[in-house]
2 protein chains.
Amino acid sequence: MFEKHIYANRRAQLKKSLGSGILLFLGNEESPMNYKDNAYHFRQDSTFLYYFGIKEPALAAVIDLDGDETILFGDEMSIDDIVWMGRQKTLTEKASDAAIERVLPAKELHQYISSYITKKQKVHYLPPYRAENKTKISSWFGLSVSEISNRASIDLIKAVVAQRSVKSAEEIVQLDLAASLSADMHQVVMQAARPGMYEREIVAKIHQAAMASGGQLAYPAILTVHGQILHNHYYGNQLQEGQMVLNDSGLETELGYAGDLTRTFPVGRQFTPVQKDIYEIVLQAYTDAKDLLAPGIRYLDVHLTACRTLTQGLKDIGLMRGTVEDAVNAGAHAMFFQCGTGHMMGLDVHDMEDLGEQYVGYTDQLIKNTTQFGLKSLRLGKELQPGYVLTVEPGIYIIPELIDQWKADNRFKEYINYERLEQFREFTGIRIEDDFLITENNSRMLGKHLSLTVSEIETIRSSV
Amino acid sequence: MFEKHIYANRRAQLKKSLGSGILLFLGNEESPMNYKDNAYHFRQDSTFLYYFGIKEPALAAVIDLDGDETILFGDEMSIDDIVWMGRQKTLTEKASDAAIERVLPAKELHQYISSYITKKQKVHYLPPYRAENKTKISSWFGLSVSEISNRASIDLIKAVVAQRSVKSAEEIVQLDLAASLSADMHQVVMQAARPGMYEREIVAKIHQAAMASGGQLAYPAILTVHGQILHNHYYGNQLQEGQMVLNDSGLETELGYAGDLTRTFPVGRQFTPVQKDIYEIVLQAYTDAKDLLAPGIRYLDVHLTACRTLTQGLKDIGLMRGTVEDAVNAGAHAMFFQCGTGHMMGLDVHDMEDLGEQYVGYTDQLIKNTTQFGLKSLRLGKELQPGYVLTVEPGIYIIPELIDQWKADNRFKEYINYERLEQFREFTGIRIEDDFLITENNSRMLGKHLSLTVSEIETIRSSV
């Protein structure tokens, strides 16, 4: 945990943005795998971590805006719990570590909330994403599960997003650490991969690095020779000379902050000439995008810059044609780049995704309402501010099913050279991703440098 | 998956045990970590795996007892799904692999069930353990979440337990494999641990072994120098000469079958004399218990045998006193052995724990209703049958908090030598565990031999 005054200050700042009533924060429960007592590793809710810092299941907290009090709801361990789980700090001690004044038994929460509902005072809550917490909200507020999210407090969502979006000094230390630990792990993977290995053997090294560093993976690793599958979690392929490995993985620090890095490297010692050409295009898009990062720039424009660089590069090698600007405006580049250039990062790898993309990545003036394939997957569009942390992750992905569908529809044939594209059907995909902090005047990459250029990567792979 | 006829035969056998109506089986959903789309690795429900074999989220299946039909409810992938997740077999192909005749869209399930409820025909379901499935049952059947489990079908629970308890030849192959892979992993850990390492570095090796073998861990690893904490998931201690490491971990095969092994070994090259004495007592209890395993023997008696051997050994070293039989009947041994000697195993490490301990581990004639500390944690009491797979896992655990509590109450002072026990306060704990199959006349250990005796273990550790 951070020092206790940090949590007290965060809560004090939050209270200033809101009127009266109470703020209700639900921690996460244990999440069962195949029966109640066989649970996945525990992950606390990120907003709960941010304001209360306690990484234990089955807690809730209330901030009373009028009474100027924070209450933690939870239960102390029984002797049976101690036998099975070991002696830990008491809940009262944990509360004190987070500067929380008062602890009440978990069973009193329902009654506590009901008294506010009865008095018609506002009970602000955030949209729950776990079914256990949906069930609680549904029962306490007398709402059907489908109504719950619509009744979440927009005021609270906006206040939390405003606060969590701007990272404090101690958070930046954590995010630098997460990025550096993740870079170390990527370097190990880049050195260890050999033709003949199975993807899962490399994923095993990623898990080992995560556990040994004392944290967890911030998200399930994407480690694949089929880099065109954007969220691939299948690890059964055998690495073959001539293929590339795409490794999108990142560690989470003990305090819960995420790293999120991607590198693509050859299974053998060198990229093929075609792989190298396309790698250079993606690297140029990465460079053009990151060089733009600064306060006041809209991330939407960073994204469109990356798209234009990709399109220009694809034109240069004959896969696209026509005017770059027009092709990007029409969305033709999305044949090759189907997703967004980046997203906010912090306690979540897609920071605050549970609070809603519109609030986290857009504004009341910049509403996200596009249905354009590609652009609809851009999670961040708004103007950047000092303290924002985000990813830059352009890529080129050749997806045979998408070629077949668009070609059959004659879609964007003025911009896409389908005849030549057929020769690239089996190319797979390349992504390059780093994490950046927006500074007062500019930006900087988080964590240590990780081999990036073709020559840096081929130097590492030269020992294969 | 197994061959399709296996699933068809399992379902045909199940239908024979039940009357009319429909049998409803809910597969698992993705389980979110910190927001909806950042999920833990997917674990299918074990009963769903058993009858349908399909390891995909968001499926359900119905067996129509009257219409002689099995229907899979789920949705085919969209082009957006293919872009993000890659092309897979269609749902219809997957259904065909499990010999399921018919596939309907997921949204039709509610209507399908309602038509049976309206006709007042019986809809059998199993007690759900995940909140997502509780919510579905609650809404479809118009029950509050607290009523759901009481309305689960006892007939279906009993029929499923009867069938899943007796392992078939192809399941035994899987369970042998799970135990052998787990033994390999334990051997690696036993060779790798060194004074000065952190527990998490060893857990990292366990995770690596699990991933590299293509499966997962069957349960969160217990890897600790504080072996007295029965379900310890903290990995932050540094290994010190003179301590012991308790490693309770097991792999799950790709088809979902569990291994569950425990070994305790010295951080240095040798056990201390006291550690060795207590190890030998636990090993004797293990041997006496496993030698009893055969059809017709009640596991309760296996457990009580282990308890008596432990008590005799503790008497021999002066920690207990009085008559062994009386001490065990009174429950005084539970100061040192607070849990049960074993449990059923299969697709779950505690097999079918979601279906209820009374049905899985006891019978209508042998009702579990003890409140005695220790015995109340025995998950399996009933008579063994050929095909049962179970663990034998006695241990001795010295828990300072339990000493303080019982001593203050003067509890069992005729059987426990509290003065001498004070000298053992910091001893920690030892457990030895293997997996066994009940055969036609006898039993056999599953998987390959894993170093077990003091001399075998010290030989491995001699290279430290």
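Contact here means that heavy atoms lie within 4.5 Å of each other. The model is predicted, so local features need pLDDT of at least 70 and side-chain atom pairs count only at pLDDT 80 or more, while totals for chains, interfaces and linings use all residues. Residues are numbered from 1 along each chain as its sequence is written, chains are lettered from A and ligands numbered from 1 in the order in which they are written, and side-chain values use heavy atoms, with hydrogens and water left out.

**Exercise 1. The two copies**

Work out how chain B is related to chain A.

Solution. Begin with the superposition, which is done by least squares on the C-alpha atoms of residues with pLDDT of at least 70 in both copies. A turn of 180° with a shift of 0.0 Å along the axis lays chain B on chain A with an RMSD of 0.0 Å. The two copies are therefore related as by a two-fold rotation axis. The same surface serves both copies, since 100% of the contact residues of chain B recur in chain A.

**Exercise 2. The interface**

Describe what chain B and chain A bury between them, and which residues supply it.

Solution. Take first the buried area, meaning the accessible area (1.4 Å probe) that two parts lose on being put together, summed over both. For chain B and chain A this comes to about 5300 Å², 61% of it on carbon and sulfur atoms. Next, Tyr35(B), Tyr40(B) and Trp84(B) supply 15% of the area that chain B buries against chain A, more than any other three residues. In terms of contacts, 64 residues of chain B meet 64 residues of chain A.

Turn then to the charged pairs, where a salt bridge is a side-chain nitrogen of Lys or Arg within 4 Å of a carboxyl oxygen of Asp or Glu. Two salt bridges are found across this interface, and Asp80(A) forms a salt bridge with Lys376(B), with the closest N and O atoms 3.0 Å apart.

**Exercise 3. One side of a helix**

Find which residues of α14(B) are buried, and what they pack against.

Solution. Helices are DSSP runs (H or I, at least four residues), strands likewise (E, at least two), and both are numbered from the N terminus. Buried means under 20% relative accessible area, exposed over 50%, and partly exposed in between (1.4 Å probe, protein chains only). In α14(B), residues 400–408, the buried residues are Pro400(B), Leu402(B), Ile403(B) and Trp406(B). They cover an arc of only 160° around the axis, taken from the directions from the helix axis to the C-beta atoms, which puts them on the same side of α14(B). These buried residues pack against α3 (79–85) of chain A together with α15 (418–422) of chain B. After the helix comes Asn410(B), whose phi is positive, near 55°.

**Exercise 4. Charged pairs within chain B**

Locate the partners of Arg10(B) and of Asp404(B), and state how accessible the residues are.

Solution. Arg10(B) forms a salt bridge with Glu170(B), the closest N and O atoms being 3.7 Å apart. This pair links distant parts of the chain, with Arg10(B) in α1 (4–16) and Glu170(B) in α8 (169–192), 160 residues apart. Arg10(B) is buried at 5% relative accessible area, whereas Glu170(B) is partly exposed at 24%. In the second pair, the side chains of Asp404(B) and Arg425(B) meet in a salt bridge of 2.9 Å, N to O. Asp404(B) is partly exposed at 39%, and Arg425(B) is partly exposed at 22%.
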